[in-house]
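Dear colleague,

Please find below the structure I am handing over to you, followed by a summary of what was found in it. I would be grateful if you could read the notes alongside the coordinates.

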Amino acid sequence: MRLSVDPDLCNLCGVCVLTCPADMVREKQGRIKIGRVMCLECGHCVAVCPRGAISVEEPPRDDDFAEPEAPLIPPEMLRRLLVSRRSVRRYLSRPVRRQDLEQMLDAARWTPTAANCQCQSFTIITDPEKREALAARIVQFYRAYNEALQDREHCAERLAALGLDPAFALHPHMQAAVPAFLRNTDAGRDRLFFQAPAVILVHADTGAVLPEAACAFATLILVLMAETLGLGTCITAYASEALRALPDLRADLGLPTSHQVYYVLTVGYPGEEFRLIPPRRPAQVNWL
Ligand SMILES: Cc1cc2nc3c(=O)[nH]c(=O)nc-3n(C[C@H](O)[C@H](O)[C@H](O)COP(=O)(O)O)c2cc1C
Ligand code: SF4
Ligand code: SF4
């Protein structure tokens with residue numbers, strides 16, 4: 001996605017810089033510059049710009065940026081809910097109402113699960129001190145991960161010792177993302193939990209039937225139910241991958257030793273507004 005900024009429309013409000021999850025939007029000498037190296041093509045910068053100053057340079061596609069409609073339900077309503085959901089990485093500090101979290105958790109009980117095992121469990125963190133303590137342990141883990149990445153000679157052994165799957169740990173995206181994640185952390189930007197007032201760990205017994213699938217579907221139900229309640233969410237793999245690799249940390253959080261954490265979700269009232277719906281690639285389908 002090649003993005004350009006019209007300097008005549010841009011008033012340098014800075015919301016595009018704040019929303020970009022990949023730090024690709026910067027202000028330099030009174031102009032907004034958008035890099036491409038780490039761009040996720042999420043379209044958030046285009047969607048938040050109050051002046052319509054950012055545009056996509058490629059030719060428009062059928063499902064190009066469109067005005068969102070109020071999310072409600074059946075079938076066109078469900079589509080509205082699906083397309084207007086965005087990953088939210090800026091939150092108001094207002095706590096999430098307990099009954100809203102309970103409504104989300106109740107909905108997630110109806111997750112389809114292999115052999116109807118209903119193995120998904122949830123740990124909810126709403127105490128900011130506990131969230132920060134967890135974040136500190138996870139950041140420490142990523143510092144060790146980053147050091148292992150820099151050690152070309154013993155990288156594979158060091159990553160294995162950290163409990164990381166090499167396919168994930170050495171993925172080019174992670175090799176670029178982990179140093180950037182640490183740079184942000186050192187600059188005081190919370191790229192892990194985004195200071196969200198609630199964090200949900202979705203976990204299950206590894207001996208259940210296809211536990212990761214159960215947790216994935218449950219997470220999606222939490223996300224969609226949160227949306228109907230006016231709450232924003234973001235799935236944070238930084239947290240889940242660290243928790244997967246750290247049994248002691250899982251134990252300290254009170255998880256049974258047989259449980260693995262598959263997904264982690266931040267939840268809170270959105271502190272940013274998306275005015276547009278970023279496009280998606282067409283479905284890849286083979287009709288037979
Ligand atoms: C399995 C999974 C892991 C993700 N991990 C992260 C993460 O660690 N940090 C983050 O900011 N976003 C994370 N995301 C959010 C994606 O970046 C986001 O869904 C994608 O860019 C599309 O944007 P949208 O959700 O706003 O439509 C994750 C999403 C999924 C499904
Ligand atoms: S959000 Fe739009 S107006 Fe604001 S700084 Fe970015 S490009 Fe400029
Ligand atoms: S599309 Fe997303 S990742 Fe790319 S520059 Fe815009 S906000 Fe950043």
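I begin with the surroundings of ligand 3. Please bear in mind throughout that this is a predicted model. Fifteen residues surround ligand 3, and those that come nearest are Cys 20, Met 24, Cys 39, Cys 42 and Cys 45. By class, this shell comprises 11 nonpolar residues, three polar ones and one charged one.

Domains and ligand 1

The protein is divided into two parts: domain 1 covers 1-88 + 272-288, and domain 2 covers 98-268. Taken over C-alpha atoms, the centres of domain 1 and domain 2 are 25 Å apart. Domain 1 gives seven residues to the contact, and domain 2 gives 10. On the side of domain 1 that touches domain 2, four residues are nonpolar, one is polar and two are charged.

Where does ligand 1 lie with respect to domain 1 and domain 2? Both domains give residues to the shell around ligand 1, so the ligand lies between them. The residues that surround ligand 1 are Pro 21, Leu 40, Cys 42, Arg 86, Ser 87, Arg 89, Cys 234, Ile 235, Thr 236, Ala 237 and Tyr 238. Two or more residues of this shell come from each of strand 7 and helix 10 (237-245). In terms of class, the shell around ligand 1 has seven nonpolar, two polar and two charged residues. Cys 42 is listed both among the residues around ligand 1 and among those that come nearest to ligand 3.

Strands 6, 7 and 8

Strand 8 (residues 259-268) has nine of its 10 residues buried, and it is therefore largely enclosed by the rest of the structure. Strand 8 runs antiparallel to strand 6, to which eight bridges join it. Within this pairing, Ala 204 has Gln 260 of strand 8 as its bridge partner. Strand 8 also pairs with strand 7 (residues 232-235), in the antiparallel sense and over four bridges. Here Thr 266 in strand 8 stands opposite Cys 234, a residue that also belongs to the surroundings of ligand 1.

Helix 4 and its packing

Which residues of helix 4 (residues 98-108) are buried? They are Leu 101, Met 104 and Ala 108. Because these residues cover an arc of only 60° around the axis, they are on the same side of helix 4. The exposed residues Arg 98, Gln 99, Glu 102 and Asp 106 are carried by the face of helix 4 turned away from its buried side. The buried residues of helix 4 pack against three elements, namely strand 5 (121-125), strand 6 (198-205) and helix 9 (211-228).

Cys 215

Helix 9 contains Cys 215. This residue counts as buried because it has 27 C-beta neighbours inside 10 Å, whereas a residue is already buried with 20 or more. Leaving aside residues up to four places away in sequence, Cys 215 touches Gln 120, Val 202, His 203, Ala 204, Tyr 262 and Tyr 263. One of these contacts, His 203, is 12 residues from Cys 215 along the chain, and the C-alpha atoms of the two are separated by 6.4 Å. Another, Ala 204, is the bridge partner of Gln 260 in strand 8.

The hairpin and positive phi values

Strand 2 (residues 25-28) and strand 3 (residues 31-34) pair in the antiparallel sense, with four bridges between them. In this pairing, Lys 33 in strand 3 stands opposite Arg 26. The hairpin that strand 2 and strand 3 form has two residues between the strands.

Gln 29 is found in the loop between strand 2 and strand 3. Although Gln 29 is not a glycine, its phi is positive, at about 50°. Is Gln 29 buried or exposed? With 5 other C-beta atoms within 10 Å, Gln 29 is exposed, the limit for this class being 12 or fewer.

Asn 116 is located in the loop between helix 4 and strand 5. Its phi is near 50°, again a positive value in a residue other than glycine. Asn 116 has 9 other C-beta atoms within 10 Å and is therefore exposed.

Yours sincerely

Definitions and conventions: Residues numbered from 1 in each chain as written. Chains lettered and ligands numbered in written order. Predicted model: local features only at pLDDT ≥ 70, side-chain atom pairs only at ≥ 80, totals over all residues. Arc of directions from axis to C-beta. Contact = placed C-beta atoms within 7 Å. Near = placed C-beta within 6 Å. Nonpolar A, V, L, I, M, F, W, Y, C, P; charged D, E, K, R; others polar. Pairing = 2+ DSSP bridges. Domains from an automatic or database assignment.
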